[in-house]
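Hi,

Here is the structure I said I would pass on. Have a look at it first, and then read my notes underneath.

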Amino acid sequence: MQHRFTNINAWTVSAVIIIFLLFLPNLTIVTGLFTPSNENWEHMKKFVLWGFVKNSLILTAATAFFTILIGLSLAWLIAQYDFPMRHFLKWALILPLSIPPFIGAYTYHGMLSYTGVIQTTLRENFGMAVNSAYFDIMNLPGAIFIYTMFLFPYVYSIAQVYLSRQSASLIESTRILGKGPWKTFFQVVLPISRISIIAGASLVVLEVLNDYGVVKYYGVQTFTTAIFQSWFGLGDIESSIKLAASLMGFVILILMIEKLLRGRRQYSYSTTKVRPLPLIKLSGWKAAAAAGYGLFILSLAFFIPVAQLIDWTLLTFGTIPMGAFMNYVRNSVFVAGLSATLIIAFALIVGNFARMVRGRLGKLLPRLTVLGYSIPGAVIAVAVVTAFIGLDRFLAPFYVWAGFSTTLVLSVSIVLLVTAYIIRFFAIGYNSIETGYDKIGTDFRDASRTLGLGVTKTFFKVDMPMMKGAIISGFILVFIDVLKEIPLTLILRPFNFDTLSTKAFQYASDEKIMEASQASLLIIGISALAIVFFYKFLERELD
Amino acid sequence: MFVAIEDVCFSYTDAKTRALDNFTLKIEKGEVISILGRSGSGKSTVLRLLAGLEKPEKGRLIIQDEVLFDDKIFLQPEKRGIGMVFQDYALFPHLTVAENILFGLFRMKKAAKKKRLQEVLELVELQDFGKRYPHQLSGGQQQRVAIARAVAPNPHLILLDEPFSNLDAELQGKIREELRDILKKANITSIFVTHDEKDAHILADRIVKLKNGRIEFVGRPCDMLDTYRQTGVQPSTDGFVEKSLTGVN
Ligand SMILES: Nc1ncnc2c1ncn2[C@@H]1O[C@H](COP(=O)(O)OP(=O)(O)O)[C@@H](O)[C@H]1O
Ligand SMILES: [Mg+2]
């Protein structure tokens, strides 16, 4: 055992502390399960809990089904056939990810409402007095539609890359055996892309469970809204901890199912070069249908909502004081930039530690920190607040001694919010950094050390410059995730601290849909740019 | 005695078998040692242990009366003064040839650095290549840069891991001669790993043959040929190891 730690040094110590701190708050949730239950909780368990569970189950199952249907069919078309606009659709179909679902939710509601563009057009141009109820999207099926539209690219992008890299001969041989395209799809494509589908769909499911904006806005009761309600509505932290713990149990169950479905094979590409699938050229109505299908989905999931948001922004431009707006921008950039910087710094330390320790332990320990990404924001919020209130209580004598006017210092500060972001999004940064370390391997580090440089100097002179790409991409990914985040930010932000996304959410909740568009558009613009950047970046890397 | 490796044992984390079992070897100053053996026999492991990149389970490592490793001491690689040429060269891709060579010279004064850079560039005959990046060089040139980088800080000992494996056959012969000249010119004690007996016979003063992490034979190249001739089988008795060890002492 002892020789595993060849370097009990500052690196090891910091890494262990970081891993511990990132993991600790989640433990407070688990302990919540064992505290005696109060009246509220008994009441909730008896009358409403089953309702949340049912809604959450329906939402996740239906969204998973529809995202797989749409994501996989598009991936299959792009990977297998050549048709007009294929090249454009190939990357543009990832763009819907730049629209946070809650923004999509209120945009669609705005368009479909009585005063919205669709009903107005029907009334004024066609003289049709339609029943408004037909256009009501604020319900469970509506939420499923929104999630499907803005989350299907997770399934699409993973499956598309996977299918494009599948050995051509496998698929060709089924064609030669005389199976039509439909039979090929169901009997070959579906089974072989199982692993990528599960990977994409589990991301979708985790996003749905994490979401608060859509269900709150559409009035659908789920675990997340219940956590908010018992916290803010009833002021009952104990019950929200219990709810959070149940939700965490739910997530762990899903992760276990995912592991089971994946089987023992890890999701990875074969390393040997496979012959790329030669594309089948479509023509006539088939080509038109393929392009039409892609464009139809892309319009629903990106162009239509963005066009509507642009329209609203133009209509309301100037009504929102520029000073206030710039303040939201500054706050957003500040918390996103700070969190991303800290996450990347921590990820570099933990990643370097994993390399030094090696063996199973080195792989396992960092995995603990990655758990945060599968835990819904509301759960992390509850955990972090509980931990920080405990910390403040512990530090209270110090605050008194230092002459603070209150003993709640950390738990109402920006530190709380940034800590929560770090726990939730650490995995995003860590994956990127870990890939970076894997790619450069250990020879360069070893070479540097035999040339007389210690671990730390080696890190700055060799590892960092060689991992520039991984560092930049990790930073950007975390940055846009924080920018779009809703539940954590709403619960944990200090008083009077607004970001672009909380402001957009508030405006929308107050039925000031048009005012929400400006902030929303900026979030979408930044995220879309990042996505395009990545697409081009990845494409170059893969060549 | 210049380098002494005594009873070193080692296994990798999570590995079931020992990668190296009771490895013992003594090396004179200026000697060129070749470690010969099949892939997986533990050759690279010997070099990594000497360089301090892995920590032995037990044993002792001494260079020039300084203990690098025993029950109490483990000297970090950067403190050992041992140069290493990696199998894939591990030239830093973000640095030029000159910057790669200067990398290990950070303790020197500016003028001394410049002088040393010129010296080693001349040694490997790459005077005009200082400003290039590694990817702008041929395989043979890259290898010479790696050697130059390793010898530049004047290490007590230089370790080379399969220095010829990445070169095509024609180049291998030429580089082998070059390497012998470079090593002799620089008069550095060296250990190089190979799986090709020919390399060992041409370059080495002494050969160590490894099999499954154990020493199978130690001796001069001609002794190895003798045993082949006499018995027709590869020698493997421990007694032989002892004899040839003491024979050199
Ligand atoms: N990093 C490692 N982790 C676990 N086992 C290793 C590692 N490196 C080498 N080994 C094992 O140790 C043995 C010796 O390896 P090595 O010294 O690299 O052999 P050689 O250089 O002679 O080909 C082999 O069985 C190899 O599989
Ligand atoms: Mg080797």
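Below is what I found, starting with where the chains meet and then turning to the spaces inside. Please keep in mind that this is a predicted model.

**Where chain B meets chain A**

In terms of contacts, 28 residues of chain B touch 25 residues of chain A. Together the two chains bury about 2,400 Å², and 59% of that is on carbon and sulfur atoms.

How many salt bridges are there between chain B and chain A? The count is two. In general, side chains of opposite charge can pair when their charged atoms come close. Here, B:R48 and A:D446 meet through their side chains in a salt bridge, at 3.1 Å from N to O. A:R449 and B:E78 also form a salt bridge with their side chains, at 2.7 Å from N to O. That pair crosses between chains: A:R449 sits in helix α19 of chain A (residues 443-450), while B:E78 is in the loop between β5 (66-69) and β6 of chain B. If you count over all chains, you get 19 salt bridges.

There are also four residue pairs in polar contact across the interface of chain B and chain A, with both residues at pLDDT 80 or more. On the side of chain B that touches chain A, the elements giving two or more residues are α1 (43-51) and β6 (82-85) of chain B. By class, that side of chain B has 15 nonpolar, five polar and eight charged residues.

**The second largest pocket**

Next, a pocket to look at. The second largest one holds about 680 Å³ of space. It is lined by 21 residues, and those closest to its centre are A:S73, A:W76, A:L77, A:Y81 and A:W182.

Which helices of chain A each supply at least two residues of this lining? They are α3 (49-80), α9 (181-192) and α14 (284-316). The largest share, seven residues, comes from α3(A). As for the character of the lining, 19 of its residues are nonpolar, one is polar and one is charged.

**The second largest cavity**

The structure has three cavities of 30 Å³ or more. I took notes on the second largest, which has a volume of about 60 Å³. Among the residues lining this cavity are A:S56, A:L59, A:T60, A:Y147, A:D211 and A:F223. The elements that give two or more residues to the lining are α3, α10 (194-210) and α12 (223-233) of chain A.

Helix α3(A) turns up again here: the largest share of the cavity lining, three residues, comes from it, just as α3(A) gives the largest share of the lining of the second largest pocket. By class, the cavity lining divides into six nonpolar, four polar and one charged residues.

Over to you, and happy browsing!

Note on methods: Residues numbered from 1 in each chain as written. Chains lettered and ligands numbered in written order. Predicted model: local features only at pLDDT ≥ 70, side-chain atom pairs only at ≥ 80, totals over all residues. Heavy atoms only, no water. 1 Å grid on protein atoms, 1.4 Å probe; cavity = no way out; pocket = protein on both sides within 12 Å on 5 of 7 lines; lining within 4 Å. Points joined across faces, edges and corners; volume = space filled by probe spheres on them. Helix = DSSP H or I, 4+ residues; strand = E, 2+ residues; numbered from the N terminus. Nonpolar A, V, L, I, M, F, W, Y, C, P; charged D, E, K, R; others polar. Contact = heavy atoms within 4.5 Å. Buried area = accessible area lost by both parts, 1.4 Å probe. Salt bridge = Lys/Arg side-chain N within 4 Å of Asp/Glu carboxyl O. Polar contact = N/O pair within 3.5 Å; in protein donor to acceptor, adjacent residues only side chain to side chain.
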